[in-house]
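Hi everyone, thanks for coming. Let me show you what I have been looking at, and then we can walk through it together.

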Amino acid sequence: MNNINELGKVYESDVLVIGGGFAGLVTAIKAIQEGPDLDVLIVEKGFTGFSGQSTKAGNGIVAHLPDQDVMESTEWMVKNQTPYLNDQELLYDYLSTNTDSVQWLRDYAGAQVSENPDGSMKMWRHPESKLAGIGIELRTIEKLRKTALGLGVRMVDQVNIFEVLTNNGTACGAVGFDMNEGEFHIFHAKAVAMATHGCQFKKLGREFMGYGTGIGAAFRAGAHIRNIEFSTQIEIVFKGTNVPVYGGYNLIFNQEGTNISKIYAPNAPEISVPLLKGMVKEVREGRGPLYVDLRVPDDTLISIGWEGMQIGDGRLMPDKIEWEEYVAEKANKYSTMEYGMTPEITIDTRLQAEPVKTNHQFKTDVEGLWAPGKISYQGSAYFGWHRGDGVGNAVQTGIRAGKDMAEFAKSAPLLPMDYDQVVKYKEKIYAPLNRPTNHKPNDIFDWIERYGFGTDKLIVKSEESIKEVLEDVKEMKKIIPELTADDPHTLAKCHEAADSVLSLEMIFRAALERKESRGVFYPHYREEYPEQDDKNWLKWINFKMGEDGEPEMYLEDVPLWKYPFRPEGYEIPEGHVDEWNEEK
């Protein structure tokens with residue numbers, strides 16, 4: 001009889017969480033709180049509680065002041081972020097409970113947040129939106145780790161996962177290998193969470209990196225993809241260090257002393273494509289270099305903790321001050337650039353996909369598989385991203401997924417693993433080792449990196465530029481089977497390269513399909529279709545894996561007939577009724 005234990009090291013649990021960052025830890029903690037008798041296991045390619053985006057981002061989390069109307073907040077985000085492509089039911093529910101999520105962090109992780117003298121949470125109203133911000137310590141993730149260990153959550157570190165195991169379409173585990181020795185590891189579970197980052201394409205993602213393997217594994221297991229065309233991001237950064245000038249997008253000046261933000265994007269709620277195009281125009285016409293004038297900060301800049309806000313204000317927590325001082329010391333030591341109050345700035349374009357489609361509990365289309373955290377930011381159609389809410393997203397999605405997984409695992413059987421499937425995945429995962437070829441993963445990463453040196457591929461797309469990328473994808477896919485590795489690190493990079501190309505293909509196929517422009521922080525912009533087209537494109541573009549293993553596209557009407565906020569002139573499609581107003 002075939003014995004799976006002979007294929008590698010086997011672990012068994014009720015709940016398996018892949019990814020030990022913020023979302024993964026919250027998911028595991030919530031699962032064991034809901035089911036104290038459950039065996040919960042986290043597997044992390046780095047070190048649980050010391051990896052992931054939230055270890056080096058944040059110090060802020062979004063909430064609601066008591067006098068802020070949640071329906072007004074929902075309306076603002078629906079109309080101003082990625083107009084009308086939200087799941088408005090999820091968005092309203094999310095915003096209704098975001099302050100509760102912060103309280104959960106205080107209660108169960110001992111997280112330090114900004115406080116009033118009476119110990120209540122201290123909040124600041126965002127000047128450009130209907131939400132509020134709370135200060136939160138950077139070291140919260142370390143406290144989550146301690147909480148998880150105290151509750152009995154098991155952790156396996158330095159093991160990288162590349163495939164999800166299934167039994168008749170239901171997730172029942174995952175496989176990968178140890179990043180030090182390359183030993184094969186097999187995880188058997190009733191419920192699986194893919195709590196990895198999305199895909200940020202090495203060298204284009206900068207400081208926040210996801211390598212696409214979570215997306216690829218979920219997709220091959222049967223998870224669907226949604227909204228992936230909204231994967232490009234614009235930042236205004238300090239020239240020389242590439243550090244974002246948070247809140248500075250309304251204060252950009254040319255060498256003639258003109259505030260060009262007010263010309264190209266007056267009172268914009270975020271960095272926008274019109275502003276980016278205007279910056280390019282100013283430089284091409286000889287009015288560069290551009291700079292940000294920080295001497296008279298506006299309300300947006302002040303709200304994120306610029307001049308005058310100290311530790312006592314609570315918005316900037318002590319560990320944030322320590323971190324900023326450390327970074328400043330290193331910058332001064334290794335940089336010859338003098339910043340002052342009018343630093344030169346430039347455009348930074350990034351590519352990041354967070355597209356795994358989920359429901360309101362962040363469960364995928366695969367039975368037994370959830371996707372909390374950044375991996376499903378676009379795919380959940382929460383999608384009304386507000387700057388400063390990365391930590392909030394990790395908490396909210398983890399709480400919802402963990403609770404749902406616990407309920408599932410309490411009654412679900414431990415399905416048997418398919419020996420032949422494990423063998424197939426093991427052969428696939430180790431296939432690049434010592435191939436007699438010359439292609440390395442960086443052949444792929446370097447190719448994609450070139451897209452970041454212009455705006456035509458990532459931001460201001462055209463049919464011509466999109467098709468150029470898709471032709472590149474065809475050539476990259478020819479290289480993927482020839483990638484070679486000689487150690488666990490480069491072996492992992494081979495799979496990261498393959499799943500990066502998978503994500504890249506879906507991004508640009510969806511971008512070619514969507515013949516309009518829409519969105520602010522994650523904009524989709526088409527040169528030939530510069531306007532938002534609510535008549536034809538109130539649709540979600542989705543992908544699923546076809547029978548040939550390739551991405552198969554399908555379109556879905558955004559169910560605005562169920563939602564309160566609709567663009568002017570919206571007509572309910574035939575076959576549907578006005579559910580929102582009928583319920584009222």
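Before we start, one term: when I say that two residues touch, or are in contact, I mean that they have heavy atoms within 4.5 Å. Also, please keep in mind that this is a predicted model.

Let's use that term right away. Alanine 111 sits in the loop between helix 4, residues 98-109, and strand 4, residues 124-125. Setting aside residues up to four places away in sequence, what does alanine 111 touch? The list is Leu105, Arg106, Glu137, Thr140 and Lys143. Is alanine 111 buried or exposed? Buried means under 20% relative accessible area, and alanine 111 has 6% relative accessibility, so it counts as buried. For a sense of distance, take alanine 193, which is 82 residues from alanine 111 along the chain: their C-alpha atoms are separated by 24 Å.

Now to strand 1, which covers residues 9-18. Seven of its ten residues are buried, so strand 1 is largely enclosed by the rest of the structure. As a reminder, strands of a sheet pair through backbone hydrogen bonds, either parallel or antiparallel. Which sense do we have between strand 1 and strand 9, parallel or antiparallel? Parallel: strand 1 and strand 9, residues 184-194, pair over nine bridges. If you want to find one of them on the screen, look for serine 13, whose bridge partner in strand 9 is alanine 189.

Strand 1 also pairs with strand 2, residues 40-44, where the two run parallel and four bridges join them. Here isoleucine 18 has valine 43 of strand 2 as its bridge partner. Add helix 1, residues 22-34, and you get a β-α-β unit made of strand 1, helix 1 and strand 2, with a right-handed crossover.

Next, a hairpin. Strand 7, residues 159-167, is mostly covered, with nine of its nine residues buried. Strand 7 runs antiparallel to strand 8, residues 170-178, and eight bridges join the two. Within this pair, glutamate 163 stands opposite valine 175 of strand 8. The hairpin has two residues between its strands, and asparagine 168 takes a positive phi near 50° there.

Let's move to another sheet. How many strands does the open sheet with the order 10-18-19 have? Three, and their pairing is antiparallel. Strand 10, 225-226, and strand 19, 551-557, are the edge strands, as each pairs on one side only. Strand 18, residues 539-545, is joined to strand 19 by seven bridges. One pair to look for is tryptophan 540 with its bridge partner in strand 19, glutamate 556.

Two helices lie across these strands. Helix 6, residues 213-221, lies across strand 10, strand 18 and strand 19, at about 75° to strand 18. Helix 15, residues 488-513, lies across strand 10, strand 18 and strand 19 as well, and runs at about 45° to strand 19.

While we are on helices, have a look at helix 11, residues 390-411. With 22 residues at 1.5 Å a residue, helix 11 should span 32 Å, and its end C-alpha atoms are 32 Å apart, so the two values agree. Of those 22 residues, 16 are buried, so helix 11 is largely enclosed by the rest of the structure.

In the loop between strand 15, 369-370, and helix 11 we find serine 376. Serine 376 has 1% relative accessibility, so it counts as buried. Apart from residues up to four places away in sequence, serine 376 touches Glu354, Val356, Thr358, Phe362 and Ala371.

Phenylalanine 445 belongs to helix 13, residues 441-449. At 2% relative accessibility, phenylalanine 445 counts as buried. Beyond its neighbours within four places in sequence, phenylalanine 445 is in contact with Lys202, Lys493, Glu496, Ala497 and Ser500.

Last stop, the cysteines. How many disulfides does a search of the whole structure find? Zero. Cysteine 199, for one, is in no disulfide, and the nearest cysteine sulfur, that of cysteine 494, is 15 Å away. A disulfide needs two cysteine sulfur atoms within 2.5 Å. Cysteine 199 has 0% relative accessibility, so it counts as buried. Cysteine 172 is buried too, with a relative accessible area of 0%.

That's my tour. Thanks for listening!

Methods. Residues are numbered from 1 along each chain as its sequence is written. This is a predicted model: local features need pLDDT of at least 70, side-chain atom pairs count only at pLDDT 80 or more; totals for chains, interfaces and linings use all residues. Side-chain values use heavy atoms; hydrogens and water are left out. Buried means under 20% relative accessible area, exposed over 50%, partly exposed in between (1.4 Å probe, protein chains only). Two strands pair if DSSP finds at least two bridges between them. A crossover is right-handed if, with the strands pointing away from the viewer, the path from the first strand over the helix to the second runs clockwise. The expected span of a helix is 1.5 Å times one less than its number of residues. Axes are lines fitted to C-alpha atoms, for helices over the stretch in contact, and angles run from 0 to 180 degrees between N-to-C directions.
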